[in-house]
Amino acid sequence: MTLLNGIVVGKMASQCTLSALFSSQSQLEYALDDATSQQEKENLVYQYLRKLDDKEDLKIPDFEEGLEWLNTEGPLSFSRELAGKVVVLDFFTYCCINCMHILPDLHQLEKRHSVKDGLIIVGVHSAKFPNEKVLQNVRGAVLRYNITHPVVNDRDARLWHELEVACWPTVVLLGPRGNLLFSLVGEGHRERLALFTSAALQHYRDQGLLRDHLVGTKLYRDSLPSSFLSFPGKVAVDSSRKRLAIADTGHHRVLVVSSTGKLLYSVGGPGSGRKDGKLQEATFCSPQGVVIKGDIVFVADTENHLIRKIDLLEEQVSTLAGVGFQGIDKDGGAMGPQQPISSPWDLALGTSGKSKATHDNVLWVAMAGTHQVWCLFLADGKLPQGSNFQMGTCVRFAGSGNEENRNNAYPHKAGFAQPSGLAPAPEEPWCCLYVADSESSTVRSVALKDGAVKLLVGGERDPMNLFAFGDVDGKGMDAKLQHPLGVAWAPDKSLLYVADSYNHKIKVVDPKNKQCWVVAGTGEAGDVLGPGFTESSFNEPGGLCVGEGVLFIADTNNHQLKVLDLETKTVSRVRYVFHRAKTLLHVPKLPKSALKVNMPLLTVSPGQTVNMKLVLSLPEGTKLTKEAPSFWILSAEGNEWLLESRVATGNIQDLSQPLSISTVLPAVPDVTDASPELTLSVWVYCCLTGGGSCMMKVASFIQPLQIVTTLENGPVTVTLAHAF
């Protein structure tokens, strides 16, 4: 939870503020705490709402004219589109981890109550950092966090100040005439939010005050072309194998590629999920931090609140820590799979203890959700000045859990503010773990010998001031950063590289004298290459790692991986090679009796969506067999790049309507493949309706493609029909 200060705006004519609710809602909260049944709680809320209805002074001001709106066909107003609705206002800023934590609560509300039911959620984006006021950057956050409700960019926080909102996140519930009902401050209010919303909908529905009209929506994501990467968060390198691990965060997957861009493995995606098992079955939810060493990839599965392990040799994904939902424990100490954790954002492999036998025995974790640094023991070990821990233990290393910029010789008394990047520097004289502390706009160090937390660059002396940001080269505290998300240590140069994300720059720090200066980036969001480092541009780079003479940059909002050649001072994009990628899902062998249908050539363009309408007819007198589920598989054998090294599959449960199967072609085609093909195979199990014999029917549709360079708008549809 972050307090807003340092923003000065002109006041509109005041109508009412959240303080008008304080007394009555406090009484309600106390009564709800004592209630013993759900019915009693609902009755208390109904009584509260009836009392509020008698007040005429709770109507809030409308949105200011001229504000920028997302996911809508136009501006919304309490007197027009929102009239007759229960409105949930989510005051958020997109850098805030606490704001991210309540998005699942809002998504759950949207699933339970539709706009037609009378509920609409509106995100009110009130920026903390200057970079967050820019509409294009807010758009990126709306895409990254899969926000599908309307969002208004209240860049000067006018409504925030008018209502006297105090911190992020704050949720405000309004009645059908724009009247204040409830406010909830901070995270962790899912049950109360659900109770208040359901009761308000029922209360105003009984009074006949709700309207079932729809509100015009136009999702920003639907207007964008596809890309191979989607908001890549972090990147890690294994120089000995010349391989990279990329957190393709927006696609909910982890990629392993060669240093030249050859795609070796794709694990997870394209949708989110939480599943261990074989590589082709495993799923993630917005993974961020990655570490790769040999055939092992460690993953910070951020929105699943898990730490995962990908074993490429065994082709297995397993969970090392976390229980699958957000934890509030700030001490830890349990075995990994029993230890709740909160939004792990980055990982680093390191050593705890002096014995050579303990090399790489710890996985350091930037635990953004609790504002701490934790560790997961990969072998038995010991923390500085601490106890011995068994392999598998997950425990706090540094940070009190308070959101602060507090340095301290005692690690548990220090305070971080959303640590988001880690870089070990185990060599003498450094012997520390560097931390990109995003919300305090600092880079800090945690000593590996005693856990002491010290400032390297950025911030200011007041540990409670999280607004000491800027873009200034300098020494120590005189240097200023803006929400840095990544750090990478170059041991051969004894230099620390920093992804100064909201300044759209890559910077470097010399820890000997704490001097910080710009390496690359113009300071403006963009996607320009060269001619040199300082003429190149980035857009909120979120992660970086040091290779042999190069820096690999996860240029998050540009959906790219870029390479900075430190010798030639040039910047390039990684180009991906797909046709040799490993196929991660077994395609059953077609029986000899399978029908093969060769479709006419289909002309498509890069990034275009191909919709396949599957129309199948069963033999007369038969029906699908429930005991042997029918299914389809979309593959591209020999042309794996078409599906980005994956194949798709799904069940066939009903043939009375055409089945729609879609795939998005890569934005960058494999130019070496002149005549690529997609193959849709179907296995249909049917039985006579009167019982008796059953049969299996198999058909394979081969769809050749001609990829042209001209970009076409909209999807292309092809019908695949067959009567068995």
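Tutor: A helix here is a DSSP run of H or I with at least four residues, a strand is a run of E with at least two, and both are numbered from the N terminus. By that definition, the protein chain holds 6 helices and 47 strands. The model is predicted: local features need pLDDT of at least 70, side-chain atom pairs count only at pLDDT 80 or more, and totals for chains, interfaces and linings use all residues. Residues are numbered from 1 along each chain as its sequence is written, and side-chain values use heavy atoms, with hydrogens and water left out.

Student: What makes the protein chain as compact as a globular protein of that length?

Tutor: The globule rule is 2.2 Å times the number of residues to the power 0.38, and the radius of gyration is taken over C-alpha atoms. For 724 residues the rule gives 27 Å, and the radius of gyration of the protein chain is 27 Å, so the chain is as compact as a globular protein of that length. Its C-alpha atoms fill a box of roughly 75 × 70 × 50 Å along the principal axes.

Student: How many of the contacts in the protein chain link residues 24 or more positions apart?

Tutor: A contact requires heavy atoms within 4.5 Å. Among contacts with a separation of 6 or more, 61% join residues 24 or more positions apart.

Student: Why is phenylalanine 533 called buried?

Tutor: A residue is buried under 20% relative accessible area, exposed over 50%, and partly exposed in between, using a 1.4 Å probe and protein chains only. Phenylalanine 533 has 6% relative accessibility, and it therefore counts as buried. For the whole protein chain, 58% of the 724 residues count as buried.

Student: Where does phenylalanine 533 lie, and which residues does it touch?

Tutor: Phenylalanine 533 lies in the loop between β33 (515-520) and β34 (543-546). Leaving out residues up to four places away in sequence, it touches several residues, including Val519, Leu564, Asp565 and Val571. Phenylalanine 533 and aspartate 565 are 32 residues apart in sequence, while their C-alpha atoms are 9.2 Å apart.

Student: Why is aspartate 478 called exposed?

Tutor: The relative accessible area of aspartate 478 is 59%, so this residue is exposed. It is found in the loop between β29 (474-475) and β30 (486-490). Its C-alpha atom is 6.7 Å from that of glycine 458, although the two residues are 20 apart in sequence.

Student: What makes phenylalanine 724 partly exposed?

Tutor: With 21% relative accessibility, phenylalanine 724 counts as partly exposed because its value falls between the two cut-offs. Phenylalanine 724 lies in the segment after β47 (716-723). Leaving aside neighbours within four places in sequence, its contacts include Leu616, Val684 and Lys697. Lysine 697 is 27 residues away in sequence and 7.2 Å away in space, C-alpha to C-alpha.

Student: How do you know that helix α4 is largely enclosed by the rest of the structure?

Tutor: Of the 10 residues of α4 (residues 135-144), 7 are buried, so the helix is largely enclosed. The buried residues are Leu135, Asn137, Val138, Gly140, Ala141, Val142 and Arg144. What covers them includes β2 (68-70), β4 (119-125) and β5 (151-153).

Student: Why are some phi values and peptide bonds singled out?

Tutor: They are singled out because most residues other than glycine have a negative phi, and most peptide bonds are trans. Just after α4, asparagine 146 takes a positive phi of about 55 degrees. Serine 441 has a phi near 55 degrees and is found in the loop between β26 and β27 (442-447). At 0% relative accessibility, serine 441 counts as buried.

Student: Which residues are joined by cis peptide bonds?

Tutor: One cis bond joins glutamate 428 and proline 429, with omega about 5 degrees; proline 429 is in the loop between β25 (419-425) and β26 (432-437). Another cis bond runs from glycine 530 to proline 531, with omega near 15 degrees. Proline 531 is found in the loop between β33 and β34.
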